[in-house]
Amino acid sequence: MGNHLAGMPMDMGMLAGMALIAVGAPLACYGALPKKRAPHGDHAGTSYEAPDSTPLNRWHAATLLVLTLGLIIDVMKPATLGFVLPGIATEYGIDRSRVALLPLVALTGTTIGSFLWGWLADIYGRRVSILLSTILFVSTAICGAMPEFEWNLVMCFLMGISAGGMLPVIYTLLAEVMPPRHRSWVLVLVGGTGLVGGYLAASGAAYVLEPIFGWRALWLQGFPSGLLLLALARFIPETPRFLAEQGRAVELTEMQRKFGLLPKPRPVRPPTDAPSPADHRQITVALTVTALCWSFVNFGLLLWLPSDLQARGYSAEIASGILAKSSLLAFPTILLAAFFYARHSSKWTLVGTVSLTLVGLLGALLPAEVLSWEPMLVSVITILIVGTNGTIAVLLPYTAENYPLGTRGRATGLVAGSSKFGGVAVQVAALAGFAPTLVGAALALLLPTAASAGMLAWAGRETQGRSLRELEAE
C-alpha cells in the first residue's frame, strides 16, 4: 500500500508491543539508576581533574567521537520534523493548522526534556542520564508505525523529551573529563559539529529514504541509530566525582588511568576576594535572557524569512537562493567561534556573537529601498546567521563552565530549555494565524538582545583555560 498505514486497525501484536515498551522503558530506567544519590560537596573529598598538561589520548578521542555521534542522532530527530510534515498531512488528510501541532508538541517536549535531564544528571550522574534518554529515544521510534495522527503526537512529545536532554548533559560531561587546556575548543567544536551534522543527517536521510519508503522511514531510523549509541556506551565515561561519591573505586581507578585524572582540592579564596552570592543569580539571568533572545531570533525571524522574502516580491527560487548564499557565507562560523573561544576569550566571544546578532537586527530595520538591493539583503541575513550560529555554538559550553558540579546539569538544562522556548511560542503564534515579518521581529527583539549582551559583559567571567575547581571556588 505504499507504506500507507493511516486508518488501519491496531492488532494484538502491535498493542502487545506497545505495552512491552511501556513496561520495559521504566524498568530499564530503574535498572540504570545507582543505588544511592551522590552527596555533592567538598566535605566528600572527591574532586578529580586532569592536569593542564595532560595530552589528549585515544580514550579522549573515543569519547569525543561517541558523544558527537550522540549529538548528531539527538539533533537529527527534531530536524526531521520539517521533512515529514508534508507526508503526514497527505496521508492523514489533515490541514496545515492541524499538522502544525506536531512541531509544537515536539518542541514543547524538548524544552521540558532539557530541564528534566539536567536535573537527573545532577542527582544520578551524567552517563546514566545519557543512557536513559537514549533508551527513551529508541522506544519512541515506533511513532513511524502509528496508524492514527493522535498517537504520533504522543510519541513525538516523548521523542522531544528524550532529545532535549542529551545536549546539555553532553556539555556538562565533556567539561568535567577534558583537560582545562583543551576543554574550551573541544566543547565548542563538538557542539557545533553535532548541530550541523544532525541537520545534514536529517536532510540526507530524507533525500535517500523518503522517496522510496515514505515519511515513516525517517521516524523508524531512530531505532537502529539509538541502538548503535547504546552499543557504544562503553566509551561514555561517568564523571569521576560521581564515581568517587558512590564508592565505585575500581571504575574510578580505571578512569584515572585512561583520562589522566588526579585528585584536585578546591583552591581557598580569601573572604575579601569572594564574589557575593548574588553573582551566581546574575550570570544565570544573563545566560537565560541570551538563550531566550536567540530562540526568538532563530525560530521567530529566520524561520519565517522565506515567507517574508516572497512577500517582498522575491520568487520562491530567488528567496531560497538568497538564504543559501547567506548560509554558505556563514558556514565557517563554528570554526571561528571555537578558535576565538579557546585562544582568546570565552566571555567576549559570546558577547561578540550576541553583538553581531544585534548588528543584523539593526540592518533589518534599514529602509525598504535599501534592503531591496540584493547584496545588502544578503549581507544583513548573513550577519544574522553568523551571529546566531556563533551564539548557540558557545552559549551552552560557556554555561557548563560557569557552574559547580552539583548544579551544572540543571543550569545548562535551564539555558538549553530557554533556547527552545521561542520555537514553542512561534508555533503557538502560527496556530493563531500570526506570521512575523523581518522588520517587525527585528524591532521587537532589538532591545532584549542589546540587554543580553550588556548583562553578559557585566556579569560574565572569563573561563578560557581555567580549572573547573578554580572556577568553582569563585
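Let's start with contacts along the chain, where contact means heavy atoms within 4.5 Å. Of the contacts in the chain with a separation of 6 or more, 87% are between residues 24 or more positions apart. Please keep in mind that this is a predicted model, in which local features need pLDDT of at least 70, side-chain atom pairs count only at pLDDT 80 or more, and totals for chains, interfaces and linings use all residues. Residues are numbered from 1 along each chain as its sequence is written, and side-chain values use heavy atoms, with hydrogens and water left out.

Now the overall make-up. The chain has 22 helices and 2 strands; these are DSSP runs numbered from the N terminus, with helices being H or I of at least four residues and strands being E of at least two. Of the 474 residues in the chain, 54% are buried. Buried means under 20% relative accessible area, exposed means over 50%, and partly exposed is in between, using a 1.4 Å probe and protein chains only.

Next, the inside. A nonpolar core is a set of buried Ala, Val, Leu, Ile, Met, Phe, Trp, Tyr and Cys residues joined through side-chain atoms within 4.5 Å. The largest one here has 65 residues, and Leu-174, Leu-287 and Leu-350 have the most contacts inside it. Which helix gives the most to this core? That is helix H7, residues 149-177, with 10 residues. And why does the core lie between two domains? Because domain 1 (59-265) and domain 2 (280-464 + 468-472) both give residues to it; the domain bounds come from an automatic or database domain assignment.

Let's zoom in on Leu-174. Not counting residues up to four places away in sequence, Leu-174 touches Leu-64, Leu-67, Leu-187 and Val-190. Apart from the largest core lies another one, of 24 residues, including Leu-85, Ala-106, Cys-156 and Ala-163.

Ala-163 brings us to Thr-111, a residue of helix H5 (residues 101-124). Thr-111 and Ala-163 are 52 residues apart in sequence, and their C-alpha atoms are 9.5 Å apart in space. Is Thr-111 buried or exposed? Its relative accessible area is 10%, so Thr-111 is buried. Beyond its neighbours within four places in sequence, Thr-111 is in contact with Gly-417, Lys-420, Phe-421 and Val-424.

Another threonine to find on your screen is Thr-63, in helix H2 (residues 58-79). Thr-63 counts as buried because its relative accessibility is 1%. With neighbours within four places in sequence set aside, Thr-63 is in contact with Phe-235, Pro-237 and Phe-259.

Now for some loops. Gln-221 sits in the loop between helix H9 (216-220) and helix H10 (222-231). Even so, Gln-221 counts as buried, at 16% relative accessibility. Its contacts, leaving aside neighbours within four places in sequence, are with Met-76, Thr-80, Ala-205 and Leu-209.

Ile-142 is in the loop between helix H6 (126-139) and H7. With a relative accessible area of 23%, Ile-142 is partly exposed. Ile-142 touches Met-18, Ile-21 and Met-155, again not counting residues up to four places away in sequence. Along the chain, Ile-142 and Trp-219 are 77 residues apart, yet their C-alpha atoms are separated by 7.5 Å.

Let's turn to helix H17, residues 346-364. The expected span of a helix is 1.5 Å times one less than its number of residues. For the 19 residues of H17 that gives 27 Å, and its end C-alpha atoms are 28 Å apart, which agrees. Ser-345 caps the N-terminal end of H17, with a side-chain oxygen 3.1 Å from the backbone nitrogen of Trp-348.

My last loop holds Arg-461, between helix H21 (438-459) and helix H22 (468-473). Leaving aside neighbours within four places in sequence, the contacts of Arg-461 include Ser-346, Lys-347, Leu-471 and Glu-474. What does the side chain of Arg-461 make a polar contact with? The partner is the side chain of Asn-402, at 2.9 Å. A polar contact is a pair of N or O atoms within 3.5 Å; within protein, one must be able to donate a hydrogen and the other to accept it, and residues adjacent in sequence count only if both atoms are side-chain atoms.

Finally, the cysteines. A disulfide is a pair of cysteine sulfur atoms within 2.5 Å, and the structure holds 0 of them. Cys-29 is partly exposed, at 23% relative accessible area, whereas Cys-293 counts as buried, at 7%.
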